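User: I'd like a close look at one part of this model, with the rest brought in as context. Here it is.

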Amino acid sequence: MSEAQVASQEQQERMQAAVAEAQQKAIQEAQQNLQIELQMRNNSLNFAVNANTPGTDPATIAKTASVFLEFLKKGTA
């Protein structure tokens, strides 16, 4: 194999590694975003259920809302 072929092969391997790394990073970011979305929906649902359940202690509703708002702050920071 000539030097040019070796250099070309090495460059191709570096490019493939860079693409694989970028793909992995994109997958991880997408998974994190989905996890955040799921948690937000869950917190929102918990708040809605607590707020609309007759006899729910107002402190429970306030606590659920507080947890939801804290999560929103962290999720969007």
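Which backbone oxygen does the side chain of threonine 53 reach, and at what distance? Take that spot as the centre and work outwards from there.

Analyst: Let's start right there, keeping in mind that this is a predicted model. The side chain of threonine 53 reaches back to the backbone oxygen of valine 49, at 2.5 Å. Threonine 53 itself sits in the loop between α1 and α2. As for cover, threonine 53 is partly exposed, with a relative accessibility of 36%.

Step back one residue and you're in a helix again: asparagine 52 belongs to helix α1, which covers residues 3-52. Asparagine 52 counts as exposed because its relative accessible area is 60%, and the cut-off for that label is over 50%. For a feel of how far this helix carries the chain, take asparagine 52 together with alanine 4: they are 48 residues apart along the chain, and their C-alpha atoms are separated by 71 Å.

Staying in helix α1, there's a salt bridge between glutamate 37 and arginine 41, where the closest N and O atoms are 2.7 Å apart. Why can these two pair up along the helix? They're four residues apart in α1, so about one helical turn separates them. The two partners get different labels for cover: glutamate 37 is partly exposed at a relative accessible area of 32%, while arginine 41 is exposed at 56%.

Now go the other way from the loop, into helix α2, which runs over residues 58-76. Here you'll find another threonine worth a look, since threonine 64 lies in α2 and also has a side-chain contact to a backbone oxygen. A polar atom of the threonine 64 side chain is 2.8 Å from the backbone oxygen of threonine 60. Threonine 64 counts as buried because its relative accessibility is 13%, and buried means under 20%. Compare that with the loop threonine you asked about: threonine 53 is partly exposed.

Further along α2, glutamate 70 forms a salt bridge with lysine 73, and the closest N and O atoms there are 3.5 Å apart. Glutamate 70 and lysine 73 are three residues apart in the helix, so again the separation is about one helical turn. Glutamate 70 is partly exposed, with a relative accessible area of 37%, and lysine 73 is exposed at 55% relative accessibility. That completes the set, as the structure holds two salt bridges.

Zooming out, how does your spot fit into the whole? The protein has two helices and zero strands, and threonine 53 is in the loop between those helices. The overall dimensions are a long way from a ball: the radius of gyration is 24 Å, whereas a compact globule of 77 residues would come out near 11 Å. Along the principal axes, the C-alpha atoms fill a box of roughly 80 × 20 × 10 Å. Of the 77 residues, 8% count as buried, and threonine 64 is one of the buried ones.

On the surface side, the protein exposes about 6,300 Å², with carbon and sulfur atoms supplying 57% of that area. As for charge, there are 6 positive and 8 negative charges, and their mean positions lie 13 Å apart.

How values were computed. Residues are numbered from 1 along each chain as its sequence is written. This is a predicted model: local features need pLDDT of at least 70, side-chain atom pairs count only at pLDDT 80 or more; totals for chains, interfaces and linings use all residues. Side-chain values use heavy atoms; hydrogens and water are left out. The radius of gyration is taken over C-alpha atoms; the globule rule is 2.2 Å times the number of residues to the power 0.38. Buried means under 20% relative accessible area, exposed over 50%, partly exposed in between (1.4 Å probe, protein chains only). Accessible areas come from the Shrake-Rupley method with a 1.4 Å probe; for residues, only the protein chains shown count as cover. Lys and Arg count as positive and Asp and Glu as negative; His and the chain ends are not counted. The place of a charge is taken as NZ of Lys, CZ of Arg, CG of Asp or CD of Glu. A salt bridge is a side-chain nitrogen of Lys or Arg within 4 Å of a carboxyl oxygen of Asp or Glu. A polar contact is a pair of N or O atoms within 3.5 Å; within protein, one must be able to donate a hydrogen and the other to accept it, and residues adjacent in sequence count only if both atoms are side-chain atoms.
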